[in-house]
Amino acid sequence: MGKGQKMFYREKKTDCGLYREVDVIPRTDNAERAVKGKRGKRKKATEPKQRDLNDKNAKRYLVQLGNGNFGENDLHVSATYTDHDLPDTTEEAERIVSNYLRRIAYRRNKLGIEPLKYILVTEYGFHKDDEAQEHPIRVHHHIIMNGGLSRDEVEMMWTNQRINWKKYKEDPEKYMGTVKKMGWVNTDRIQTNENGIEALCKYVVKNPQGKKRWSSSRNLERPIIHPPADHKYSKAKVEQVVKSGDAGKEFFEKQFPEYSISEVKPEYHEDTGWHIYVKMWKKRTGGTKDAAGKKKRKTAKKRKAGNKD
């Protein structure tokens, strides 16, 4: 930090559903003067302009989006292609997976299930001489979607065949054996921990050998950034907090009594000093909710016979 610069600490809160992240970070007066625009209102977090997941802020946004919208009993789908069905271009791959998601959405609608919500991450592998990265030799889709359909149905729809739902209903196991899939596909029910589905989000965006691109449905709840709180913490207070036995967990529990603190991560930087990153969940009141903030009823809704796992 340059001489003569006044330093202060800023508290930045980002919410998505029941999930909240709080950054306590140092700022300087000079840096603030360089920032144009008014502050003071809640605003949506800026969605990464590039669909490529090559930026830590894009990855962080994806974790916030995932934790704010998905949780227990939602689904993680992994899908690849056989050599015969491998798309020739990235555009074709995007068209194929988009058609697959439309098929899922249509099936949900026919069964009276809530509309499809999803995050799609696609990893591409290319030949070294394909500098333009237009013709993949490997394509792997990861889809995080809301639950409701059986895993068997979700996997069966990874096909370019037209599905005869009447025959499927008559004998699901027999009919599924006649459907030729476009490649390997696997569906798991999501399991969460104290950090929600962060581990899954980080897994699907792990450093790629080729290129990763992502997209999401428009009906997801988006991260919201609150107006920053400046000068709330002094430098001495921040140092006291990070050097406490629990790295500040008890302190932040008192600061945010309506939330359960899941993680406090202090980081020290030589040029600016201590940074604190806190993750938390809004406490449950009046019934139970999963990580995505969806109420779970004690009595499950009756579903149609063809919609059972």
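Let me begin with strand β4, where both faces are covered: Leu-75, Val-77 and Ala-79 on one side, and His-76 and Ser-78 on the other, are all buried. I should say at once that this is a predicted model, and that everything I describe is computed from it. The strand spans residues 75–79, and five of its five residues are buried. As background, in a regular strand the side chains alternate between the two faces of the sheet.

Which strands pair with β4? On one hand there is β6, residues 138–145, which runs antiparallel to β4 and is joined to it by five bridges; within that pairing, the bridge partner of Ala-79 is His-141. On the other hand there is β7, residues 185–189, which also pairs with β4 in the antiparallel sense, over five bridges, and here His-76 stands opposite Asp-188.

From the strand I would like to move to the packing. The largest nonpolar core has 32 residues, and those with the most contacts inside it are Tyr-100, Leu-101, Ile-104, Ile-143, Met-145, Val-154 and Trp-158. Several elements contribute to this core, with β4, α3 (90–110), β5, β6, α4 (151–156) and α6 (172–176) each supplying at least two residues, and the largest share, six residues, comes from α3. In general terms, nonpolar side chains tend to be buried together in soluble globular proteins.

If we take Tyr-100 as a way into this core, and leave out residues up to four places away in sequence, we find that Tyr-100 touches Val-77, Ile-143, Val-154, Met-157 and Trp-158. Apart from this core lies another, of 18 residues, among them Phe-70, Val-121, Leu-220 and Ile-225.

Ile-225 brings me to Lys-13, which is placed in strand β1, residues 7–16. Is this lysine buried or exposed? Lys-13 has a relative accessible area of 15%, and because the limit for buried is under 20%, Lys-13 counts as buried. Along the chain Lys-13 and Ile-225 are 212 residues apart, yet their C-alpha atoms are 5.9 Å apart in space. Setting aside neighbours within four places in sequence, Lys-13 is in contact with Arg-20, Glu-21, Val-22, Ile-224, Ile-225, His-226 and Phe-256.

Lys-128 offers a contrasting case, since this lysine is exposed, with a relative accessible area of 86%, and has its place in the loop between β5 (118–125) and β6. The C-alpha atoms of Lys-128 and Gly-210, which are 82 residues apart along the chain, are separated by 9.6 Å.

In that loop between β5 and β6 we also find Gln-133, whose phi is near 50 degrees, a positive value in a residue other than glycine; at 29% relative accessibility, Gln-133 counts as partly exposed. A positive phi is found as well at Ala-247, where the value is near 65 degrees, again in a residue other than glycine. Ala-247 lies in the loop between α8 (235–242) and α9 (249–255), and with a relative accessible area of 18% Ala-247 is buried.

Let me turn to the aromatic residues, for which a search of the whole structure finds ten pairs. What is the geometry of the pair formed by Tyr-268 and Trp-274? Their ring centres are 5.1 Å apart and their planes stand at 65 degrees, so the pair is edge-to-face, the limit for that class being over 60 degrees. Tyr-268 itself is partly exposed, at 48% relative accessibility. Elsewhere, Tyr-81, Tyr-100 and Trp-158 form one aromatic cluster, and two of these names, Tyr-100 and Trp-158, have already appeared among the residues with the most contacts in the largest core.

Two charged side chains also sit over rings. Arg-107 lies over the face of Trp-165, at 3.7 Å from the ring centre, while the charged end of Lys-206 sits over the ring of Tyr-203, 4.5 Å from its centre.

Finally, a word on the cysteines: how many disulfides are there? The count comes to zero. Cys-16 is buried, with a relative accessible area of 2%, and Cys-201 is buried too, with a relative accessible area of 1%.

Conventions: Residues are numbered from 1 along each chain as its sequence is written. This is a predicted model: local features need pLDDT of at least 70, side-chain atom pairs count only at pLDDT 80 or more; totals for chains, interfaces and linings use all residues. Side-chain values use heavy atoms; hydrogens and water are left out. Buried means under 20% relative accessible area, exposed over 50%, partly exposed in between (1.4 Å probe, protein chains only). Helices (H or I, at least four residues) and strands (E, at least two) are DSSP runs, numbered from the N terminus. Two strands pair if DSSP finds at least two bridges between them. Rings of Phe, Tyr and Trp (its six-membered ring) pair if their centres lie within 6.5 Å; planes under 30 degrees apart count as stacked, over 60 as edge-to-face and the rest as tilted. A charge sits over a ring if NZ of Lys or CZ of Arg is within 6 Å of the ring centre and within 35 degrees of the ring normal. A nonpolar core is a set of buried Ala, Val, Leu, Ile, Met, Phe, Trp, Tyr and Cys residues joined through side-chain atoms within 4.5 Å. Contact means heavy atoms within 4.5 Å. A disulfide is a pair of cysteine sulfur atoms within 2.5 Å.
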